[in-house]
Amino acid sequence: MSPVTKQKTSIAKITSKAILIILGGLIAAYGLEAVLIPNQVSDGGVTGLSIVGSKLFGVPLGVLIAILNIPFIWLGYKQIGKSFAIFSVLGIASLAVGTVIMHHIPIIVEGDTLLVTVVGGIILGFGMGLALRNGGALDGIDMLAVLLSKKLPFGTSDLILFLNLFVFIVVSTVFGLQGAFLSGIAYFIASKVIHIVEEGLSGSKTFKIITKESDVMMETIRDRLGRTSTYKNAYGGYSNEEFKEVTCVINRLEESKMKEIISEIDPHAFITVYDVAEVKGGSFRKKDIH
């Protein structure tokens, strides 16, 4: 593939990802404005806090979503990288603008609390999952949980649950105890849909990569993700050809970036990906990247 063709392909890939992330933000905004918020049901995370702030102070929801996510975008830039931060800006901006545009959109489900939580959770989860699948995020609470998991003796998923419990306690002050419970159910449904859209989103993932370009692969993972990796010699059972098996553990927000790196370095690499329930010790801490 010529350099010009490779550049065009790269631009097309980045453009398609950006469009899908924006679409994900608009879908999530639709779920909030057409289903959840009119029925006194909130979301979790920064979006949930923004909904509460909007109700209490009369500030447009989109403005609060944009402002409250600024620290988390910076956190994403420091912990994951520039492209993730840029894609997250696109996603959060589209979510914020979408809630403003769709603020008076007709309600599609009303009254039936079970149907509201299911339909709202599915729409919201699909939008957020679409953004995450393409390398961006619509809410900063996951990034905060990833950072705290490096400082505290808890897994990322445990911290996400704890942080959202705090959010739903805050939600109860505006939507009442029933609204908080319904918000929790909607968030749970949304998280399951995100899991489906993201093809097994989990706290951490182990990548095992069998490649002839092991040195370049490990250097690129270190330089662009800030992750260290290990390797061991591997042999083809039929051909007896020698390869190196590179192993690297990443957090869930880095999966899209990891796949990009592998595709660029060795499109023919053999990859296996495992969900990891918990990571402790070793050198899982990463260096800052810019």
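Which residues does proline 38 touch, not counting residues up to four places away in sequence? In this predicted model, the answer is Leu32, Glu33 and Ile107. Proline 38 sits in the loop between α1 and α2, and its relative accessible area of 33% makes it partly exposed. Its partner isoleucine 107 is 69 residues away along the chain, yet the two C-alpha atoms are separated by 7.3 Å.

The loop between α1 and α2 also holds glutamine 40. Here the backbone does something worth a look: glutamine 40 has a positive phi of about 60°, although it is not a glycine. For context, most residues other than glycine have a negative phi. Like proline 38, which is partly exposed, glutamine 40 is partly exposed, in its case at 38% relative accessibility.

Another loop residue to look at is glutamate 110, found between α5 and α6. With 62% relative accessibility, glutamate 110 counts as exposed. In sequence it is 74 residues from leucine 36, and the C-alpha to C-alpha distance between them is 9.1 Å.

Stepping back to the whole chain, there are ten helices and four strands. Read along the sequence, they come in the order α-α-α-α-α-α-α-α-β-α-β-β-α-β. Of the 290 residues, 50% count as buried. Contacts across long stretches of sequence are well represented: taking those between residues at least 6 apart, 76% join residues at least 24 apart.

What about the inside? The largest nonpolar core has 51 residues, and the ones with the most contacts inside it are Leu32, Val35, Leu36, Leu95, Leu124 and Met143. The elements giving two or more residues to this core are α1 (3-36), α2 (45-57), α3 (61-68), α4, α5 (82-101), α6 (113-133), α7 (141-151) and α8 (156-197). The top contributor is α8, with eleven residues. Some of these core names have come up already: Leu32 is touched by proline 38, and leucine 36 is the residue paired with glutamate 110 in the distance given above. As for valine 35, once its neighbours within four places in sequence are left aside, its contacts are Tyr30, Ile108, Val109, Val116, Val119, Gly120 and Ile123.

A second core is separate from the one just described and has 13 residues, including Ile209, Ile221, Val246 and Ile261. Two of those names turn up again where helices α9 and α10 meet: Ile221 belongs to the α9 side of the contact and Ile261 to the α10 side.

That helix pair is worth describing on its own. The axes of α9 (residues 214-225) and α10 (residues 255-265) come within 10 Å and cross at roughly 145°, and the crossing is right-handed. On α9, the contact is made by Val216, Met217, Thr220, Ile221, Arg224 and Leu225, and on α10 by Lys257, Met258, Glu260, Ile261, Ile262, Glu264 and Ile265. Sorted by chemistry, these residues divide into eight nonpolar, one polar and four charged.

Ile262, one of the α10 residues in that contact, also links to strand β4. Isoleucine 271 lies in β4 (residues 270-276) and, leaving aside neighbours within four places in sequence, is in contact with Phe207, Lys208 and Ile262. The C-alpha atoms of isoleucine 271 and lysine 208 are separated by 5.7 Å, although the two residues are 63 apart along the chain. Isoleucine 271 is partly exposed, at a relative accessible area of 36%.

Finally, the aromatic rings. The structure holds two aromatic pairs. One joins tryptophan 74 and tyrosine 77; it is tilted, at 5.4 Å centre to centre with 35° between the planes. Both residues lie in helix α4 (residues 70-79), three residues apart, or about one turn of the helix. Tryptophan 74 counts as exposed, since its relative accessibility is 54%. The other pair is made by phenylalanine 168 and tyrosine 187, whose ring centres are 5.9 Å apart; their planes stand at 70°, so this pair is edge-to-face. Phenylalanine 168 is buried because its relative accessible area is 12%, whereas tyrosine 187, at 22%, is partly exposed.

Methods
Residues are numbered from 1 along each chain as its sequence is written. This is a predicted model: local features need pLDDT of at least 70, side-chain atom pairs count only at pLDDT 80 or more; totals for chains, interfaces and linings use all residues. Side-chain values use heavy atoms; hydrogens and water are left out. Axes are lines fitted to C-alpha atoms, for helices over the stretch in contact, and angles run from 0 to 180 degrees between N-to-C directions. A crossing is left-handed if the near helix is turned anticlockwise from the far one by less than a right angle, and right-handed if clockwise. Contact means heavy atoms within 4.5 Å. Ala, Val, Leu, Ile, Met, Phe, Trp, Tyr, Cys and Pro count as nonpolar, Asp, Glu, Lys and Arg as charged, and the others, Gly among them, as polar. Rings of Phe, Tyr and Trp (its six-membered ring) pair if their centres lie within 6.5 Å; planes under 30 degrees apart count as stacked, over 60 as edge-to-face and the rest as tilted. Buried means under 20% relative accessible area, exposed over 50%, partly exposed in between (1.4 Å probe, protein chains only). A nonpolar core is a set of buried Ala, Val, Leu, Ile, Met, Phe, Trp, Tyr and Cys residues joined through side-chain atoms within 4.5 Å.
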